[in-house]
Amino acid sequence: MRRLSPWTFRVIELVATAAIFATVWVVVGSNRSYIAVPVPDMLKTFASVWTSDHLWNDALPSLRRLALGYLAAVVISVSLGFVLGMSRRLRLACLPVLGFVRAIPPVALLPIFLVVFGVGDVMRISIIVFVCCWPILLNTLDGLGELDETMLATARSYHITGADRLFRVLLPAISPRVLAGMRTSLSLAVLLLVASEMLASDGGIGFFLFQSQQAFRLSEMWAAVILLGLLGYVLNILFTVVERRLLRWHASTRAQH
């Protein structure tokens with residue numbers, strides 16, 4: 001049986017999503033709900049809002065916060081994962097603390113970060129960094145704990161040490177685990193970005209969404225919701241492309257087995 005190409009899957013995803021959205025909208029509209037805005041009005045508002053000053057004042061600042069928080073979380077968590085992963089005693093000592101902190105619901109931490117860092121970009125970026133670190137950190141630790149002893153012994157026999165051992169042996173070996181944690185963290189980053197902007201902000205997509213909801217500007221509210229959906233979808237596609245390029249060796253190895 002012939003396998004479908006990735007682009008065919010994307011087209012199927014878009015068609016299925018549009019069909020589900022249209023079905024839900026018809027059901028909601030048939031009940032005469034006040035949140036049911038005509039689709040042409042919604043799309044017109046979407047185009048007018050995100051091609052105006054809101055693009056520069058709300059959308060782009062949100063993307064900048066998202067990028068800074070997410071990239072900082074990746075660097076910090078992978079670095080910390082290697083520090084803990086290389087020392088069994090240190091890892092065992094820190095695991096209870098890590099398990100406790102990561103179990104706290106992310107949204108519950110927002111008031112604490114608001115008090116500590118105040119209202120500003122520092123608070124919003126910090127909460128993204130803090131929450132996104134855990135999936136990447138724990139996956140890094142799991143990856144290091146599952147390293148093949150034969151591979152490590154081979155690296156030692158060839159005297160591969162230092163930076164070469166890190167970048168040519170360890171990082172490639174655990175990259176599937178790390179990227180799995182990064183994918184989970186990406187969705188958390190979008191969630192925490194919107195929540196932090198709704199709680200305390202003077203701009204951003206979350207702020208625009210909250211203000212539109214409070215003022216019952218329903219077309220603008222849906223314009224923000226659609227933008228967030230598109231943002232999540234595009235980020236997922238970009239991440240998938242990067243992941244496939246980085247893990248081409250992993251996919252070919254699994255195919256051989």
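Let me start with H159, which counts as exposed because its relative accessibility is 67%, and which is found in the loop between α7 (149-157) and α8 (162-199). Before going further, I should say that what you have in front of you is a predicted model, so please keep that in mind through everything that follows.

What is the phi of H159 near? The phi of H159 is near 60°, which is a positive value in a residue other than glycine. For those of you who are new to backbone angles, most residues other than glycine have a negative phi. A positive phi also turns up at F216, where the value is again near 60° and the residue is again something other than glycine. F216 lies in the loop between α9 (205-214) and α10 (218-246), and with a relative accessible area of 57% F216 is exposed, because exposed means over 50%.

Let me turn now to the aromatic rings. A search of the whole structure finds four aromatic pairs, and I will go through two of them, beginning with W50 and F208, whose ring centres are 5.2 Å apart and whose planes make an angle of 65°, an arrangement that is edge-to-face. Where do W50 and F208 lie in the chain? W50 sits in the loop between α2 (39-49) and α3 (53-85), while F208 belongs to helix α9, so that this pair links distant parts of the chain, 158 residues apart. W50 and F208 are both buried.

The second pair that I would like to show you is made by F113 and F130, with ring centres 5.5 Å apart and planes at 55°, so this pair is called tilted. Here, too, distant parts of the chain are linked, since F113 is in helix α5 and F130 is in helix α6 (residues 121-145), with the two positions 17 residues apart in the numbering. Is F113 buried or exposed? With a relative accessibility of 11%, F113 counts as buried, because the cut-off for that word is under 20%. F130, on the other hand, has a relative accessible area of 27% and is therefore partly exposed. If you follow the ring pairs onward from here, you will find that F113, F117, F130 and W134 are linked into a cluster.

F117 also takes us to the surface, because F117 belongs to a nonpolar patch there, together with I112, V115, V116 and V122. Together, these residues have about 510 Å² of accessible area. Which helix gives the most to the nonpolar patch? That is helix α5 (residues 110-117), which gives four residues. V116, one of the residues of the patch, has its place in helix α5, and V116 is exposed, with a relative accessible area of 57%.

My last topic is the charged side chains. How many salt bridges does the count come to? The count comes to nine salt bridges, and I will describe three of them, the first between R64 and D121, where the closest N and O atoms are 2.6 Å apart. R64 lies in helix α3 and D121 in helix α6, so this salt bridge ties together parts that are 57 residues apart in sequence. Both ends are partly exposed, R64 with a relative accessibility of 42% and D121 with a relative accessible area of 24%.

The next salt bridge joins the side chains of E197 and R65, with 2.6 Å from N to O. E197 is in helix α8 and R65 is in helix α3, so the pair ties together parts that are 132 residues apart in sequence. Are E197 and R65 buried or exposed? E197 is buried, and R65 is buried as well. These residues also take part in a wider arrangement, for R64, R65, D121, R124 and E197 are linked in a network of salt bridges.

The remaining example is the salt bridge between D164 and R168, in which the closest N and O atoms are 3.7 Å apart. D164 and R168 both lie in helix α8, and they are four residues apart, which is about one turn of the helix. D164 counts as partly exposed, with a relative accessibility of 44%, whereas R168, at 65%, counts as exposed.

Key: Residues numbered from 1 in each chain as written. Predicted model: local features only at pLDDT ≥ 70, side-chain atom pairs only at ≥ 80, totals over all residues. Heavy atoms only, no water. Patch = residues over 30% accessible without salt bridge, like charges linked within 9 Å, V, L, I, M, F, W, Y side chains within 5 Å. Areas by Shrake-Rupley, 256 points an atom, 1.4 Å probe, with all protein chains shown as cover. Salt bridge = Lys/Arg side-chain N within 4 Å of Asp/Glu carboxyl O. Buried < 20%, exposed > 50% of the residue type's maximum accessible area, 1.4 Å probe, protein only. Phe/Tyr/Trp six-rings, centres within 6.5 Å; stacked < 30°, edge-to-face > 60°.
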